[in-house]
Amino acid sequence: MSSTVGQVIKCKAAVAWEAGKPLVIEEVEVAPPQANEVRLKILFTSLCHTDVYFWEAKGQTPMFPRIFGHEAGGIVESVGEGVTELQPGDHVLPVFTGECGECRHCKSEESNMCDLLRINTDRGVMISDGKTRFSKNGQPIYHFVGTSTFSEYTVVHVGCVAKINPAAPLDKVCVLSCGICTGLGATLNVAKPPKGSSVAIFGLGAVGLAAAEGARIAGAARIIGVDLNSSRFEEAKKFGVNEFVNPKDHNKPVQEVIAELTDGGVDRSVECTGSIQAMISAFECVHDGWGVAVLVGVPNKDDAFKTHPVNFLNERTLKGTFYGNYKPRSDLPSVVEKYMNKELELEKFITHTVSFSEINKAFDYMLKGQSIRCIIRMED
């Protein structure tokens with residue numbers, strides 16, 4: 001790889017030219033990394049619902065042309081000035097949020113919300129100089145959440161890159177870059193269910209299944225899946241879910257149903273839908289005295305959380321989490337080791353694999369609700 005250091009690289013990338021239109025495999029130019037940046041060769045990437053949401057551009061300011069993608073595994077090709085913790089050949093996971101190591105959040109053991117590198121979906125350029133590292137025929141192509149992994153090469157801020165065990169299979173651990181860690185950490189790091197406890201998981205998409213996997217690892221005895229789609233229950237059993245409630249099957253609020261099932265409420269709940277009603281239900285279904293509810297889903301900007309204050313006075317706790325409270329550089333390597341030690345099972349999250357030239361198939365699978373995670377092989 002050394003022959004490309006400092007040079008502009010021409011490579012293939014899947015470019016979104018306009019909202020909702022199929023991605024186009026184009027030859028693009030990728031500039032060398034600047035100070036505090038690294039250029040990565042992406043070997044495997046995965047499709048997350050967040051990519052689809054911003055590609056559809058239904059709820060936010062459109063920014064095109066753009067290279068999406070933010071769950072990936074790759075190898076460092078070259079490093080910019082001032083980068084000392086990474087070197088060419090390192091195996092890494094790029095992450096949509098970062099860890100500068102200098103701000104109050106990074107120095108706090110309780111936070112992973114870096115002031116400098118926290119996710120910014122509206123920024124399509126690099127943080128250092130406000131320019132893109134991608135172009136085609138002189139036309140800039142925007143970045144996505146600082147990662148843009150739907151490209152054979154990408155440039156990322158060093159604080160958004162986790163160095164991992166080179167023995168870890170990148171086609172499996174790449175899914176830890178976003179959704180799986182978000183759900184897993186919400187349970188293990190924030191809800192912290194005691195062994196033998198009861199946990200309700202609201203929403204059984206990829207993040208909810210990862211939250212269930214966290215409950216399984218923690219040794220929860222009852223893992224109750226709550227979803228409006230009953231067909232998801234069979235799949236959820238693989239992740240430790242052993243009971244299921246569909247709110248549509250009952251003529252009373254689902255929190256009351258769960259309270260009756262569990263002698264007053266579950267010990268922990270994790271909400272992974274973004275529905276404000278599910279958030280309220282997740283809080284109100286935990287047991288008084290010790291129950292903890294954790295909110296993961298992103299609500300509509302106009303939503304308001306409404307519950308009676310007596311629910312707090314009765315010693316229920318409500319918490320929120322971002323990326324499962326994992327600091328990307330400090331914590332991701334140990335999550336990879338959980339997989340290497342067979343404590344965490346990642347294979348069951350991966351439902352499809354396609355070649356880079358077939359990347360639009362991954363979008364079709366996601367839009368049809370057929371995939372949890374689809375892995376895209378960058379080298380056909």
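Q: What makes α3 the helix in which K172 lies?
A: K172 lies in helix α3; helices are DSSP runs (H or I, at least four residues), numbered from the N terminus, and strands are E runs of at least two. This is a predicted model: local features need pLDDT of at least 70, side-chain atom pairs pLDDT 80 or more, while totals for chains, interfaces and linings use all residues. Residues are numbered from 1 along each chain as its sequence is written, and side-chain values use heavy atoms, without hydrogens and water.

Q: What does K172 touch?
A: Contact means heavy atoms within 4.5 Å. K172 touches Y339, L346, E347 and I350, not counting residues up to four places away in sequence.

Q: How do you know that the span of α10 agrees with the expected one?
A: The expected span is 1.5 Å times one less than the number of residues. Helix α10 (residues 328-340) has 13 residues, so 18 Å is expected; its end C-alpha atoms are 18 Å apart, which agrees.

Q: Why are the buried residues of α10 said to lie on the same side?
A: Buried means under 20% relative accessible area, exposed over 50%, partly exposed in between (1.4 Å probe, protein chains only). In α10 the buried residues are P328, L332, V335, V336 and Y339. They cover an arc of only 105° around the axis, so they sit on the same side of α10. The arc is taken from the directions from the helix axis to the C-beta atoms.

Q: Why is α1 called roughly perpendicular to α11?
A: Angles of 65 to 115 degrees count as roughly perpendicular, under 35 as roughly parallel, over 145 as roughly antiparallel and the rest as oblique. Helices α1 (residues 49-56) and α11 (residues 359-367) pack at about 100°. That makes α1 roughly perpendicular to α11.

Terms used: Axes fitted to C-alpha atoms, helices over the stretch in contact; angles between N-to-C directions.
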